[in-house]
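User: I am new to this one and would like a close look at a single part: how the sheets are built and what lies across them. Please set the scene first and then go through it step by step.

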Amino acid sequence: MSHIPIDRSLQYMDGTQRVFDEETTLGNTKPHLEDIGVTRIASITDLDRIGIPVFSAIRPSAAEGAISIYSGKGASETQARISAMMESFERCLAERVGVNADIVEDVLAEEFIESVENAAKECELLDPHSLLLAEPLPPESLVEWTQGWDLLREKEIYVPSNAVYHPYDSPGMSARLFRSNTNGLASGNVIEEAILHGLLEVIERDALSIAEFNRNPGREIVLTEEDGINYELMKKFESNGVQLKLWLLSHDTGITSVVAATDDLDLKDPALLVMGAGSHLKPEIAIRRAITEAAQSRVVQIHGAREDTDRESFVRQIGYERMKRMNNFWYEGADSVTTGELNDISRSTPAENIDVVLDELRKITDSVIVVDLSRKNVGVPVVRVIIPGFEQYTLDRERVGHRVRQGRKRSTSTEKPWKRRFGKQK
């Protein structure tokens with residue numbers, strides 16, 4: 001089964017972008033934590049002096065090649081707890097049956113192994129090269145395929161399973177196309193929420209990849225007291241001696257994508273030159289996600305427990321001053337913009353928000369694919385969203401497409417003041 005219907009009757013609660021309140025979400029998800037092997041949810045907020053809530057979830061049974069400690073962030077403790085729990089469901093359900101110690105129920109999507117050449121005779125396929133392969137794939141190579149649903153073309157399509165599962169080991173003689181990751185992996189109270197979150201994450205990573213590759217962070221966002229909770233969150237950094245720079249990333253959609261770059265001016269610790277990112281149709285939510293994720297990144301570095309955070313020893317060898325110079329574009333001044341100048345294109349239902357995002361994506365691509373990873377016995381929907389051609393440079397330096405290179409052409413010296421200062425002198 002690949003068709004994923006969108007429930008157009010679902011409504012957000014007044015004044016929110018949530019289908020259920022936080023207590024309802026907790027009540028719906030807590031009973032399933034044991035089913036996915038989560039043994040503990042704990043606050044790790046106090047490991048840092050910033051004070052923005054960060055929680056961790058422990059799942060000792062995670063598959064080999066996956067991490068077993070997940071983290072979540074939020075403006076409140078409840079939000080951070082939910083965030084850590086939701087990441088647990090995403091990570092667990094992205095593991096396939098056979099390597100998953102907790103789930104024996106398989107996904108409903110059909111799967112098979114065949115060469116591109118032969119499979120294309122019978123099925124609609126996503127060209128593996130659109131996933132930005134580091135090396136060309138011979139047409140006769142065996143590939144494992146998983147059934148998905150194309151939201152733009154409203155039709156079934158088969159995608160390389162390598163882009164669906166994490167961690168991924170290719171079965172039999174089939175090819176391993178690239179290192180798997182979690183980009184576009186998302187959960188929600190309902191599948192519509194999961195799809196929207198997955199779409200926004202792929203857009204966020206695309207925008208961040210383009211910015212990093214071209215060393216062009218876009219425009220600096222300036223917060224004032226009128227920004228309410230976001231301003232208060234920013235002041236938590238500044239009052240504790242941590243510089244926080246907010247950047248509105250350039251992108252060819254109308255979705256707001258934001259990066260929060262931090263520098264601990266008191267400790268001058270290179271491991272704490274960390275960032276957070278967020279994308280949303282409502283700018284204030286994108287900003288909040290970036291700020292709280294920056295707080296999460298600090299705590300995770302301090303905690304040092306996650307298996308995917310071995311950057312500490314590397315950056316400490318490089319040193320604070322050199323790391324700061326290498327990433328100076330995140331910390332320099334630039335043209336500024338206020339939250340009030342950003343376009344809020346959010347709507348009052350999940351279906352309408354999905355419609356808005358898809359309308360933006362139609363300008364860029366002709367395919368947006370969702371694979372449903374939900375299991376009947378686990379009451380939290382999980383999906384993988386795949387947008388062909390969208391960049392993942394921030395996750396995998398080997399996978400670079402034409403979008404980041406087009407971003408370089410769009411950049412000018414006036415957009416990047418450090419180029420004027422440090423570039424070649426005439």
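Analyst: A disulfide is a pair of cysteine sulfur atoms within 2.5 Å, and this structure holds zero of them. The model is a predicted one, in which local features need pLDDT of at least 70 and side-chain atom pairs count only at pLDDT 80 or more, while totals for chains, interfaces and linings use all residues. Residues are numbered from 1 along each chain as its sequence is written, and side-chain values use heavy atoms, with hydrogens and water left out.

Let's begin with the whole chain. Its average pLDDT (the predictor's confidence in each residue, from 0 to 100) is 93, and 93% of the residues score at least 70. The stretch 412-426 has a pLDDT below 50, although the model gives this stretch 19 contacts beyond near neighbours in sequence; a contact means heavy atoms within 4.5 Å. Where pLDDT is low, the predicted coordinates should not be read in detail.

The chain has 11 helices and 14 strands, which are DSSP runs numbered from the N terminus (H or I over at least four residues for helices, E over at least two for strands). Of the 426 residues, 59% are buried, meaning under 20% relative accessible area, with exposed over 50% and partly exposed in between (1.4 Å probe, protein chains only). Cys92, at 0% relative accessibility, is therefore buried, whereas Cys123 is partly exposed because its relative accessible area is 23%.

Now to the sheets. Two strands pair if DSSP finds at least two bridges between them. One open sheet has three strands in the order β1-β2-β3, with antiparallel pairing. Its edges are β1 (40-43) and β3 (69-73), each with a single partner strand, so one side of each has no neighbour in the sheet. On average, neighbouring strands here are turned by 25° against each other, direction ignored. Between β1 and β2 (residues 54-58) there are four bridges, running antiparallel, and Ala42 stands opposite Ser56 in β2. Helix α2 (residues 77-93) packs on this sheet and touches β1, β2 and β3, its direction making about 140° with that of β3. Such angles run from 0 to 180 degrees between N-to-C directions, with axes fitted to C-alpha atoms, for helices over the stretch in contact.

The other open sheet to look at has five strands, ordered β11-β10-β9-β8-β12, with mixed pairing. Its edge strands are β11 (275-280) and β12 (336-338), each pairing on one side only. Neighbouring strands of this sheet are turned by 35° on average, direction ignored. Six bridges join β10 (residues 256-264) to β11 in antiparallel fashion, and Val258 has Gly278 in β11 as its bridge partner.

What lies across both? Helix α6 (residues 283-303) lies across β8 (219-222), β9 (242-248), β10 and β11, running at about 155° to β11. Helix α6 also lies across β2 and β3, at about 140° to β3. This helix thus ties our two sheets into one picture, with β11 of one and β3 of the other lying under it.

Finally, there is a hairpin to find: β5 (residues 142-150) and β6 (residues 155-160) pair antiparallel over six bridges. Gly148 has Ile157 in β6 as its bridge partner. Four residues separate the two strands, and in the turn Glu154 has a positive phi of about 50°.
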